[in-house]
Amino acid sequence: MTKTKTIELCNKITGGLSNESKMWSKSFGLPAKRCHVGQVLAQVEGTVCEKCYADNRGHYQYPVVREAQERRYKLLYNPLWVVAMTMLLWLQVKEFFRWQGSGDLDSVKHLQNIVEVCVNTPHLKHWMPTKEKGILKEFLRNGGVIPDNLVISMSGYFVDGGKVKGFDEQPQIAHHLTYNKRNKHGVETEAYICPVEDDLGFKSCDEATCSACWNPSVRVVAGALH
Ligand code: SF4
């Protein structure tokens, strides 16, 4: 089978990859309206999800993008998903990959499948932000192991808020915080400020030559509220 045909087939099985304008990487995006924690936080004033960019802003508002996200969501538990995602990443991604360009983890099974794809692609660096603390905790309680090439960022719930607690012993679990621009100096001192969101003139990770989100030794990354 040709490369093109293989990609077509794998796209049918998984819904395909998305392009990230700001990052080095391609990504896999799901509908924000399917987030479990996010839908609760969206009702709470001052949370990151209250102003969720993925549901209302930028190119995520276009029907074609939303339909693609929903298609991917409905295909998440296709028994061939792990094999097809593995193939797509081998054929379409060079070095960095982002999970959940929009949306979030759906279940422990979903996380297990992602981990399996990461193990199958040891040449890639994977990054996955999430607010689904319960799913991650259950995965770890069940003996789940996060592979060395996957960094999971626990995403803080409140704008200008602190880190999600409970993962201090996990070297592959880092943190992401969101700050209001007028409060930049109030961000936790240990946080690395994302250069793309710091008005330094960089439009992408590529331009800023930054891959901090994929680096587990950068324990906290902070980005500005859009
Ligand atoms: S911290 Fe670096 S890698 Fe992460 S989004 Fe910002 S520029 Fe990209």
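Tutor: Ala, Val, Leu, Ile, Met, Phe, Trp, Tyr, Cys and Pro count as nonpolar, Asp, Glu, Lys and Arg as charged, and the others, Gly among them, as polar. This model is predicted: local features need pLDDT of at least 70, side-chain atom pairs count only at pLDDT 80 or more, and totals for chains, interfaces and linings use all residues. Residues are numbered from 1 along each chain as its sequence is written.

Student: How many residues around the ligand are nonpolar?

Tutor: A residue is near the ligand if its C-beta atom, placed from the backbone, lies within 6 Å of it. The residues around the ligand include Met23, Pro195, Cys205 and Ser211. This shell has no charged residues and one polar residue, and its nonpolar residues number ten.

Student: Which strands stand at the edges of the sheet?

Tutor: Strands are DSSP runs (E, at least two residues), and helices are runs of H or I of at least four residues, numbered from the N terminus. Two strands pair if DSSP finds at least two bridges between them. Eight strands form an open sheet of mixed pairing, in the order β1-β2-β3-β4-β5-β6-β8-β7. Each edge strand has a single partner, so one of its sides is left without a neighbour in the sheet; these strands are β1 (18-19) and β7 (192-193).

Student: In β4, which residue is the bridge partner of Phe97?

Tutor: Three bridges join β3 to strand β4 (residues 125-130), and the two run parallel. In β4, Arg98 has Trp127 as its bridge partner. For Phe97, the bridge partner in β4 is His126.
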